[in-house]
Amino acid sequence: MDQKKTDYGNWVPLALMKRLAAIAGALLAGEVLLIVLDGPTALTLLVGGLLAAAVILWLYMLRCRVLFDFNRGGLMGQVHQYLTDHLPWDGRGTLLDIGCGSGALTIRCAKRFPNASLVGVDYWGAAWSYAKEQCQQNAAAEGVSHRVRFQKGDAAHLAFPDETFEAAVSNFVFHEVRTQPDKREVVREALRVVKKGGCFAFQDLFEKESLYGDMTDFLSQLRQAGVQELHYITHVERQGFIPRYVQAPWMLSDVGLLYGRK
């Protein structure tokens, strides 16, 4: 990928780093003021402890941000690669990327499958630092814009007829869909637009029981619904390419990969 021209963002956004730095700065100012006015007290010790915790958290998140950066640590790219490595598709036809964000996974698939057409859909809400124009610019920089198009959409209500696509992918999106509280239904909606015999690979927090319940039961339901080939990898974060310090509940944990052929 042309790292000088593309902008795929980061799972640890700059805005978060700025907020954490502001909190640490406020605590530092408060600590200095308390020491000047009152000297060492229980309150200064408390604020000092909070300051130390804020600095440690900022340093931890900075390390994660570097790791996730496409230009440096490259872990985001590795996560996408792991997903595409498990997509059993020959690259003939059209692929749908559900929740394409900045277009990184869509474009990776475009480069992996040079004869395919691709569609990326995303809600691109105000809470996210991604945009349709960013996706288009990235696709142009990577030389695949003639085969890729992006459009706004809701993963819970995809604006495509049944069995439209030969393949579908999605990466850490389903659990974020606010228009459908039942995340199993988001998966079913994704499968709805895949042609019979088409391929899919979905990566999400499938191991989180509060979101998906018993995955064994869910897999059984999907097979009974007619999915002819279904595979599931538990705890992707433990597969050897994700550092232990990132395997925290607030970062990468409870990740599962659901893939196969409809």
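These questions and answers work through a predicted model of one protein chain.

Q: What makes up the fold of the protein chain, in helices and strands?
A: The protein chain has eight helices and seven strands. Its C-alpha trace spans about 75 × 45 × 35 Å along the principal axes. Buried residues account for 51% of the 262 residues.

Q: Why is Val 36 called exposed?
A: Its relative accessibility is 65%. Exposed means over 50%. Val 36 therefore counts as exposed. Val 36 sits in helix H1, which covers residues 14-38.

Q: What makes the nonpolar surface patch that includes Val 36?
A: Leu 28, Val 32, Leu 33, Val 36 and Leu 37 make it, and the patch covers about 500 Å². A residue in a patch needs over 30% relative accessible area. Val 36, at 65%, passes that cut-off.

Q: What is notable about the charge of Glu 31, and how do you know that a salt bridge is missing?
A: Glu 31 is buried yet has no salt bridge. A salt bridge needs a nitrogen and an oxygen within 4 Å. The nearest side chain of opposite charge is Arg 19, and Arg 19 is 23 Å away. Glu 31 belongs to helix H1. Leaving out residues up to four places away in sequence, Glu 31 touches Thr 44, Val 47 and Gly 48.

Q: Why is Phe 172 called buried?
A: Buried means under 20% relative accessible area. Phe 172 has 17%, so Phe 172 counts as buried. Phe 172 is in the loop between E4 and helix H6 (183-192).

Q: What makes the phi of Phe 172 stand out?
A: Most residues other than glycine have a negative phi. Phe 172 is not a glycine, yet its phi is positive, at about 55 degrees.

Q: Which value of phi does Glu 163 have, and where does Glu 163 lie?
A: The phi of Glu 163 is near 55 degrees, a positive value in a residue other than glycine. Glu 163 lies in the loop between strand E3 (148-152) and strand E4 (165-171). Its relative accessible area is 41%. Partly exposed runs between 20% and 50%, so Glu 163 is partly exposed.

Q: How do you know that Arg 112 and Asp 85 form a salt bridge?
A: Their N to O distance is 2.9 Å. The cut-off is within 4 Å. The pair therefore meets in a salt bridge. The two residues are 27 apart, with Arg 112 in helix H4 (residues 104-112) and Asp 85 in helix H3 (residues 75-85), and the pair links distant parts of the chain. Arg 112 is partly exposed, at 37%. Asp 85 is partly exposed too, at 43%.

Q: What makes Arg 188 and Glu 185 a pair about one turn apart?
A: Both lie in helix H6, three residues apart, and that is about one turn of the helix. Their closest N and O atoms are 2.8 Å apart, and they form a salt bridge.

Q: Why is the pair of Asp 254 and Lys 208 said to tie parts of the chain together?
A: Asp 254 and Lys 208 form a salt bridge, with closest N and O atoms 3.3 Å apart. Asp 254 lies in the loop between strand E6 (229-233) and strand E7 (256-261), and Lys 208 in the loop between strand E5 (194-204) and helix H7 (209-212), so the pair joins parts 46 residues apart in sequence.

Q: How many salt bridges does the rule give?
A: The count comes to eleven. Asp 162, Glu 189 and Arg 192 are linked in a network of salt bridges.

Technical notes
Residues numbered from 1 in each chain as written. Predicted model: local features only at pLDDT ≥ 70, side-chain atom pairs only at ≥ 80, totals over all residues. Heavy atoms only, no water. Helix = DSSP H or I, 4+ residues; strand = E, 2+ residues; numbered from the N terminus. Buried < 20%, exposed > 50% of the residue type's maximum accessible area, 1.4 Å probe, protein only. Patch = residues over 30% accessible without salt bridge, like charges linked within 9 Å, V, L, I, M, F, W, Y side chains within 5 Å. Areas by Shrake-Rupley, 256 points an atom, 1.4 Å probe, with all protein chains shown as cover. Lys, Arg positive; Asp, Glu negative; His and termini not counted. Contact = heavy atoms within 4.5 Å.
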